Every structure is written in structure tokens, then in C-alpha cells.
Amino acid sequence: MHIPDAFMPLWQGAIYWIIALVFVMLALRWAKNELTEEKIPVVAVLAAAVFALMSFNLPVSMGTSGHLIGGALVAIVLGSPFAAVFILTLVLIVQGVLFGDGGITTMGANIINMGVIGGFVGYYSFHGLMRVTKNISFSAGPAAWLACFIPAEVCAVEMFLAGTFPLREGLIAMGLYHTLIGIIEAVITVLVIHLIIRVRPDLIDEKVRQLQARGEAG
Amino acid sequence: MMDQKNMKFLIIGVLLALVIAIIAVFFASPDPDGLDSTALIASGQKSLTAPATGENISVDAPGHFSYESPMPDYNLGGNWGSMGGIIAMVIGTLLTFGAVMGLVWLLKKRKSSKKPVS
């Protein structure tokens, strides 16, 4: 759901850029203050993996493809929605500037959709679900799905405001396609979290480890 | 500094990302993504559940800012074929990795130089 330059008037792109920059500043502050030495490899590896996954369009039938976003994954593993803003911003800059995937004037909107909304929805829905289900898979899966679906619907609204899509058709089509893409996102997110827990449990967010330990004990 | 365990994670992680990036060159779907598909529906070139049809399937809208990227569509173009795709994806993956490492290093350096005791 990378919005190209052509899909949005300049002035609207500028507004999203200003909002996005506020979150980017906060994400830089997160990296400066919260990112501990031992987490640096995780951040860098996740960023490289998110780039590869975001550039990999998977078929979802109906003549449409979609790619993973990874906002929920990053926010859950690193324990902050700002981790998603940090990584997704860098990935979107590389994709937009080098590969023309997503526009320059619309990069602010893309950062808001996939980084900010994806990260916050993913992080908070994971922790909300964790309280109820006490199960990492049943929490991370739906959280990742929501972190794909909600940004897509927000994107549809932005496209309506930009005069690119009619609202109803946009919401239906974006919702339908990203319902399917979100299922892939959910499966991969759960798999990667379990993979990290298996090989390097010390690298996963401490809150997740404690929640898991409590879930296993209870 | 980084211990051996973290170094191992780092190297295996980046290699895995590179493998995904290279697989993407050969197996990525050529179909338009969700957003482009929706744009094609809005312009009457595609129906909700069927692939787009028509001569020149295009989602270009003129009149806005335009930018020419050096490697459009994750490829070098020209006669490079899939090798161009592989090179582009490897550059992108390593550059993203390097950008994060560099930025984090810069932020940490600035922090430690400002507050030597923390």
C-alpha cells in the first residue's frame, strides 16, 4: 500500500509529512534512549528482513498481490510501537528514494499508515489480546492482521480525501485485498516471533517473555 | 562491544534477509498490489474479484510531483534481466541494514558524548 506521488495532491502530502515527522522525531528519541546495546543487532536484522519482505509481492488471487509490512512484528519483538516507526521509516526511505516504491511527497502518509498506525495498532492490540488469551500466537496473529487491515482502510480514506478513489469502493477493495494479505502477515509474524523465542529468547521484549512465562505457569 | 553470540545472530539474520530478497526476484507476483488494484477498479480497468483487463493497464495520474528513482521496480532495467533484480534487492537489503546500524551508532555516539556518565 505504498502511495505513489501521483495519487495525492502536494498540499495533502505536506500535511501528512508534518504529522509523520513528529512521530519520526519520537522514534529517534526512542532509539537514542531505549535501544540498548544488545538490541542493536535485532533492530538492524529486522530492518533488513522488513525491506526484503516489503519488496516481495505475494499473490492473493483476484489479479492482486500484496506484501508484508512487519509493523506489528517489529513493535512486538522490540517492545515499542516506536520501533516500528523507526524501522519502517528507514525502509520506506530506501524503497521510495532508490526503487520508486512509494512516492517522495507521499512518504509522510506512507510512514503514518504502515509505521505509525501499523506499529501502534500491532503493539497495543497484541498486549490487549495477551491479557485475555495469555497465548503469544493467538495475540500476535490477530494483532498483525489488524496492523495490516487498519492501515489499508486508513489509506482508502486518505485516497478518498485526495480524490483518487471513491470512498465506498476504496474501502471495500482495500479491505478485501488486505484481509487476505493480513492473513499471510499474521502467519509470518507468529512464525518469526516463535523462531526468535526458540533461537534467542533473550532478544525478545522482556514484557513478552514475562507474559509467556505467566501463561505457561497458569 | 558486540559479543560472538550477537555477531552470529547478526550474520545469520542478514543472510536470511538476503535469501528472502533474492527469492523475491523470482517468485514475486507481477500483479498490482492492493492499492494499485483499487486504483484500477476506480478507473474502470479492473473488477473487484477479477484481474485487470485492457491494452494499457496504467494507474498513472498526471499533474503531480514526479521523481525518477535510480532502480525502478527493484531492477536495474536494460539487459540485466533477473541479475539486475538480484543486484537491486541485495543493494536495498544491505543499504537498509547499513542505514540502521549507522543511524543507531550516530544516535548513541551523540548521547554518550553529551552525557558521559549515564
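Which residues does A:A47 touch, not counting residues up to four places away in sequence? This tour of a predicted model starts from that residue and moves outward to the interface, the helices and the loops.

**Stop 1: A:A47 and the core**

Select A:A47 together with A:I87, A:L90, A:V91, B:T96, B:F97 and B:V100. These six partners are the residues that A:A47 touches once residues up to four places away in sequence are set aside. The partners come from chain A and from chain B.

A:A47 and A:I87 are also the residues with the most contacts inside the largest nonpolar core, which has 104 residues. To see where much of that core originates, colour α6(A), which contributes its largest share, 15 residues.

**Stop 2: the interface between the chains**

Next, display the two chains in separate colours. On the chain A side, 60 residues are in contact with 53 residues of chain B. The elements of chain A that give two or more residues to this side are α1 (10-33), α2 (40-54), β1 (58-59), β2 (65-66), α4 (81-99), α6 (136-161) and α7 (167-199). Of these, α2(A) supplies the largest share, 11 residues. Colouring this side of chain A by residue class shows 41 nonpolar, 14 polar and 5 charged residues.

For the complex, the predictor reports an ipTM of 0.91 and a pTM of 0.93.

**Stop 3: A:A31 in helix α1**

Now centre the view on A:A31, which is placed in helix α1 of chain A. Is A:A31 buried or exposed? A:A31 counts as buried, because 25 C-beta neighbours lie inside 10 Å, and the cut-off for burial is 20 or more. Show A:F86, B:V104 and B:L107 as sticks: A:A31 touches these three residues, not counting residues up to four places away in sequence. For a sense of distance, draw a line from A:A31 to A:I93; the two residues are 62 residues apart along the chain, and their C-alpha atoms are separated by 17 Å.

**Stop 4: helix α4 of chain A**

Select α4(A) and check its length from end to end. At 1.5 Å a residue, the 19 residues of α4(A) should span 27 Å, and the end C-alpha atoms are 26 Å apart, which agrees. Of these 19 residues, 16 are buried, so α4(A) is largely enclosed by the rest of the structure. Stepping past the helix brings one to A:G100, which follows α4(A) and has a positive phi, near 65°.

**Stop 5: helix α5 of chain A and its kink**

Move on to helix α5 (residues 107-133) of chain A. Its 27 residues should span 39 Å at 1.5 Å a residue, and the end C-alpha atoms are 36 Å apart, in agreement with that figure. Where is the kink in α5(A) centred? The kink, of about 30°, is centred on A:G118. As for its surroundings, 20 of the 27 residues of α5(A) are buried, so this helix is largely enclosed by the rest of the structure.

**Stop 6: three loop residues**

Continue from α5(A) to A:K134, the residue that follows the helix. A:K134 is found in the loop between α5 and α6 of chain A, and its phi is positive, about 55°, although A:K134 is not a glycine. Most residues other than glycine have a negative phi. A:K134 counts as partly exposed because it has 16 C-beta neighbours inside 10 Å.

A second such residue is in chain B. B:D73 is found in the loop between α2 (34-42) and α3 of chain B. B:D73 has a positive phi of about 55° and is not a glycine; with 15 other C-beta atoms within 10 Å, it is partly exposed.

Then return to chain A and select A:G163, in the loop between α6 and α7. A:G163 is exposed, with 12 other C-beta atoms within 10 Å. Add A:M8 to the selection: A:G163 and A:M8 are 155 residues apart in sequence and 7.7 Å apart in space, C-alpha to C-alpha.

**Stop 7: chain B as a whole**

Finally, hide chain A. Chain B has 3 helices and 0 strands, in the order α-α-α along the sequence. Of its 118 residues, 25% count as buried. Among contacts in chain B between residues at least 6 apart in sequence, 35% join residues at least 24 apart.

Colour chain B by pLDDT to end the tour. The mean is 85, and 85% of the residues of chain B reach 70 or more. Among the elements of chain B, helix α1 (residues 4-27) has the highest mean pLDDT, 92, and helix α3 (residues 81-114) the lowest, 90. Where pLDDT is low, the predicted coordinates should not be read in detail.

Key. Residues are numbered from 1 along each chain as its sequence is written. Chains are lettered from A and ligands numbered from 1 in the order in which they are written. This is a predicted model: local features need pLDDT of at least 70, side-chain atom pairs count only at pLDDT 80 or more; totals for chains, interfaces and linings use all residues. Two residues are in contact if their C-beta atoms, placed from the backbone, lie within 7 Å. Helices (H or I, at least four residues) and strands (E, at least two) are DSSP runs, numbered from the N terminus. Ala, Val, Leu, Ile, Met, Phe, Trp, Tyr, Cys and Pro count as nonpolar, Asp, Glu, Lys and Arg as charged, and the others, Gly among them, as polar. The expected span of a helix is 1.5 Å times one less than its number of residues. The bend at a residue is the angle between axes fitted to the seven residues ending there and the seven starting there. A nonpolar core is a set of buried Ala, Val, Leu, Ile, Met, Phe, Trp, Tyr and Cys residues joined through C-beta atoms within 7 Å. pLDDT is the predictor's confidence in each residue, from 0 to 100.
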